[in-house]
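Please open the model in your viewer and have the selection tool ready. The stops below are meant to be taken in order, with a pause at each one to look around.

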Amino acid sequence: MARIVNVNNYLPPVVKDAREFKRIADAENPEFNIQWENIDVLWANQYVMESTIEGVERWEKIINIIPRANDTLQDRKIRILSYINRTLPFTMKVLLNYLESACGSGNYSAILDPIAYTLKIHTVGLSAYAMEDVMETFDIMIPANIIYTHTNLEG
């Protein structure tokens, strides 16, 4: 979110036209703009999928994840989400929320057959490394008595 600060707009009418105050405000504007950019980055880093590389590194440090040498930023974000989403209880809704955050809206489907105890999961666009993390999360989240199959169409 680009916010352009102009301190001149906040000067009282008495000093608004004074050359010295205009110059002081013009000198302060870049500093305020830099601080607004920093605030935007800090705000984005609170959310895994919006994080910058610095935010992802911070999440990895908190969770004690060591990134692979050839991981993309997206792969690293999915791994972080995989660790964060390992909370009980594991329900179908939790699984669907996990797929939504890992794959994006409309890039997954999950069909549960409670009679046959099977679950078919189809994802689109996950890299090979992200697939490893997703499959590891499935092994944790899906009960042992449900047989699941997972297919991925790389995008």
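This tour goes through a predicted model, one selection at a time.

**First stop: helix 3.** Select residues 73-84, the twelve residues of helix 3, which reach 17 Å from the first C-alpha to the last, close to the 16 Å expected at 1.5 Å a residue. Now colour the buried residues of this helix, which are Asp75, Arg76, Lys77, Ile78, Arg79, Ile80, Leu81 and Ser82. If you then show what surrounds them, you will find that the buried residues of helix 3 pack against helix 2 (53-63), helix 4 (92-103) and helix 5 (128-141).

**Second stop: helix 2 beside helix 3.** Add helix 2 to the selection and look at how the two helices pack, at an angle of about 35 degrees and with their axes 10 Å apart, in a crossing that is left-handed. On the helix 2 side the contact is made by Ile53, Val56, Glu57, Trp59, Glu60 and Ile63, and on the helix 3 side by Leu73, Arg76, Lys77, Ile80, Tyr83 and Ile84.

**Third stop: Arg76.** Stay in helix 3 and centre the view on Arg76. Is this residue, Arg76, buried or exposed? Arg76 counts as buried because its relative accessible area is 12%, which is under the 20% limit. Show its side chain together with that of Glu60, since the two make a polar contact of 2.6 Å. Leaving aside neighbours within four places in sequence, Arg76 is also in contact with other residues, among them Ile53, Val56, Pro67 and Asp71.

**Fourth stop: Ala102.** Move to helix 4 and select Ala102, a buried residue with a relative accessible area of 4%. Beyond the residues up to four places away in sequence, Ala102 touches Gln74, Ile78, Leu81 and Leu126. For a distance to display, choose the C-alpha atoms of Ala102 and Ala130, which are 28 residues apart along the chain and separated by 8.8 Å.

**Last stop: the nonpolar cores.** Which members of the largest nonpolar core touch the most other members? Of its 18 residues, these are Leu119, Ile121 and Phe138, and helix 4, strand 2 (118-124) and helix 5 each supply at least two residues of this core. Apart from it lies another core, of six residues, including Val48, Val56, Ile80 and Leu81. To finish, select Leu119 and display the residues it touches, not counting those up to four places away in sequence, among them Met92, Leu95, Ala110, Ile142 and Tyr148.

Note on methods. Residues are numbered from 1 along each chain as its sequence is written. This is a predicted model: local features need pLDDT of at least 70, side-chain atom pairs count only at pLDDT 80 or more; totals for chains, interfaces and linings use all residues. Side-chain values use heavy atoms; hydrogens and water are left out. Helices (H or I, at least four residues) and strands (E, at least two) are DSSP runs, numbered from the N terminus. The expected span of a helix is 1.5 Å times one less than its number of residues. Buried means under 20% relative accessible area, exposed over 50%, partly exposed in between (1.4 Å probe, protein chains only). Contact means heavy atoms within 4.5 Å. A nonpolar core is a set of buried Ala, Val, Leu, Ile, Met, Phe, Trp, Tyr and Cys residues joined through side-chain atoms within 4.5 Å. A polar contact is a pair of N or O atoms within 3.5 Å; within protein, one must be able to donate a hydrogen and the other to accept it, and residues adjacent in sequence count only if both atoms are side-chain atoms. Axes are lines fitted to C-alpha atoms, for helices over the stretch in contact, and angles run from 0 to 180 degrees between N-to-C directions. A crossing is left-handed if the near helix is turned anticlockwise from the far one by less than a right angle, and right-handed if clockwise.
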